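Biologist: Please take a close look at one part of this model for me. Start at the surface patch, then set the patch against the rest of the chain.

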Amino acid sequence: MINEIDKSISFDGRDIRLKVGLLAPQAGGSVLIESGDTAVLVTATRASGREGIDFLPLLVDYEERLYAAGRIPGGFLRREGRPPERATLISRLIDRPMRPLFPGWLRDDIQIVATTLSMDEKVPPDVLAVTGASIATMLAKIPFNGPMAAVRVGLIGDDFIINPTYSEIEAGDLDLVVAGSPDGVIMIEAGANQLPEQDIIEAIEFGYEVVADLIQAQRDLMAELGIELVQETEPPVDPTLEDFIGDRVNDAVKQILAQFSLTKSEREAALDEVKATVVTAIAEMPEEDPIRAAAAKNSKALGNTFKGITKKLMRRQIVEDNVRVDGRKLDEVRPISCRTGVLPNRVHGSGLFQRGLTQVMSVTTLGTPGDAQDMDDLHPDEEKRYMHHYNFPPYSVGETKPMRSPGRREVGHGALAERALVPVLPSKEDFPYVIRVVSEVLSSNGSTSMGSVCGSTLSLMDAGVPITKPVSGAAMGLIKEGEEVRILTDIQGIEDFLGDMDFKVAGTDHGITALQMDMKISGLPISVIADAINQAKPARIHILEKMLATIDQPRSDMSPYAPRLLTIKIDTDLIGMVIGPGGKTIKGITEQTGAKVDIDDDGTVTISAIDGVKAKQARAIIEGMTRKLSAGDVYVGKVTRIIPIGAFVEFLPGKEGMVHISQLADYRVGKVEDEVAMGDEVIVKIREIDNRGRVNLTRLGIHPDEASAARASTEK
């Protein structure tokens, strides 16, 4: 147990409050971090390592409780179930800056759990949870190269804002999260409205200044509690085994990495062959040999050592020779090919983008307003009109494994591509469709998320979506050896796997729309990040030119199988009438016309059908039902019913009135059937509308010009 401490940190007119020692006393470390009425409990717990684990088993979970916003969950069970997509993304947001700060040799189970307990719908909880994870880890006395902190930066007009509210994020041109350690920036996540590179760099620098203040506040808190950062000693490794492997593979691996003509599969096969020779050599040794004993003691030592040697030689080749394993220059993009319409037009739009061995097919589907995704989480937005989903099947990397539901990586890559494209999508008023894009990774050798952005731009234009600008993207890498730094353009798989950075930059020819930077080292100075952002621009423009050579603007015609949408506006007081009791009226319109009808709370009615004629028919019915009627209006109608005292005439779709027998002719009519029959077309005028809303019609006193105008209106 530690003493209960409350600490407040103020910056840019906003406060963050830290409460330690109040909640979760049996967790390794816990902190309640608050801002406004948003409160997040973050805990960190460590357990003993498991036998045979050769990686850091870090598990990060972000949990939302709907009671935090005074809401009861929907569904039959009325309790929280599977985490919503945004919760998964926040879990990744916490994981990504934390993971590089644990020692590379640590193999203990570590779990970080962040739970939003209260939310005022103004202060987003995500950056609070990221900073809280650092504090909880230090309180748990887990080896950690922190502290680490994160802030959000918004842009309103020309002013940067730290930790903006949801409404400020919505109104601004930037939503950037920057996390950092004492060594520099360690993670960036951003969406932007086509901002220039320099604005993004200044925003990162602005945010890191506050991150530095939060890092110092954490140090002050630990000092106040008398807690020092844990410095555990790395477990000893057997240098004999490492030297034995190095002596036998160094030259062979170096030669393979220098054969630039090798394909990915050929290079991997050659490296596996070299590794197999070492396995054979060790297996032929006497059982009592110390090298064989060391290899037997740790079954994964050989593989890890071989990976380390490959990593060292690849990085040395880049730093010393400025050349990559495929022979490219550091700023060179792999060969690109683009296609549209690769699938039959049953799908509404398709695009195929290939860069090197990375191939992504994106497919666009246009839906009606009723297809929007309902969001049952704490975020103020209640629905999504644009959904981007990313699939990564095992065959894309030549592997076999069970196919399961999308994991955190798939959710994260889809969200990044979605963020990159949202700024260029048309408004709901200009294009009322709900849009879903699915990116299928068919082959992967690095930068599939940016391949998804490029393929999806092609697909959206192929579907006829009037995007304001095409978007492209490139992934930047980094090799840092001591003071030597090399930035790589368009990284491939091995450079991502053995490199220090994965920095994805997406945007148009006007500016950046999305950023995502992850590090494997403990931080980078702003100057290096600025160089990476600036080096990405010519790569993005080059890729964009290749895309525009395939399709330079959205198609004017949509797929014949895409729904046709018509929109009209009705008085909100008439919404209930159009829907009808229990939805009876609106269901009747759908059954009669085959068109789907969606009504928003503001009175916007969207009518959709594959056949445009059916959509127009449904629109006519609704316009007729909701049209304001006045005495003296003349219409062309059809006799629908006959009773002894008169005839009922449908003069507008869904609107009937009665012509009394005395109003059928300017002489005495003995029998209604003598004048009209079922289905007859008649010209009628509204005589009066009684206090119950019933319409009384007449065939008398209609001027020929009025009759002609009514016929012309009907034909139109």
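**A residue in the charged patch**

Modeller: Glu382 is exposed, because its relative accessible area is 63% and the cut-off for exposed is over 50%. Bear in mind that this is a predicted model. Glu382 sits in a loop, with β14 (373-374) on one side and β15 (383-384) on the other.

Glu382 does not stand alone. A surface patch of negative charge brings it together with Glu121, Glu170, Asp374, Asp381 and Glu383. Asp374 falls within the range of β14, and Glu383 within that of β15. Across the protein, negative side chains number 107 and positive ones 80. The centres of these two sets lie 5 Å apart.

Now take a contrasting position. Ala192 is buried, since its relative accessible area is 5%, and buried means under 20%. Strand β10 (residues 184-195) holds Ala192. Leaving out residues up to four places away in sequence, Ala192 touches Asp173, Leu174 and Ile200. It also touches Pro423, Ile512, Thr513 and Ala514. Ala192 and Glu234 are 42 residues apart in sequence, and their C-alpha atoms are 42 Å apart in space.

Next, the backbone in two other loops. One loop runs between α2 (126-139) and β7 (149-156), and Pro147 is found there. The peptide bond leading from Gly146 into Pro147 is cis, with omega near 0°. Lys141 belongs to the loop between α2 and β7 as well. Its phi is near 60°, a positive value in a residue other than glycine. The other loop lies between α8 (301-321) and β11 (336-340), and it contains Asn322. Phi of Asn322 is also positive, near 55°. Asn322 is partly exposed, because its relative accessible area is 39%, which falls between the 20% and 50% limits.

Last, the whole chain. The protein has 16 helices and 29 strands. Its C-alpha atoms fill a box of roughly 125 × 65 × 50 Å along the principal axes. Of its 716 residues, 52% count as buried; Ala192 is one of the buried residues. Take contacts between residues at least 6 apart in sequence: 70% of them join residues at least 24 apart. The exposed area is about 33300 Å², with 48% of it supplied by carbon and sulfur atoms. Glu382, where we began, is among the exposed residues.

Conventions. Residues numbered from 1 in each chain as written. Heavy atoms only, no water. Helix = DSSP H or I, 4+ residues; strand = E, 2+ residues; numbered from the N terminus. Buried < 20%, exposed > 50% of the residue type's maximum accessible area, 1.4 Å probe, protein only. Contact = heavy atoms within 4.5 Å. Areas by Shrake-Rupley, 256 points an atom, 1.4 Å probe, with all protein chains shown as cover. Lys, Arg positive; Asp, Glu negative; His and termini not counted. Charge placed at Lys NZ, Arg CZ, Asp CG, Glu CD. Patch = residues over 30% accessible without salt bridge, like charges linked within 9 Å, V, L, I, M, F, W, Y side chains within 5 Å. Salt bridge = Lys/Arg side-chain N within 4 Å of Asp/Glu carboxyl O.
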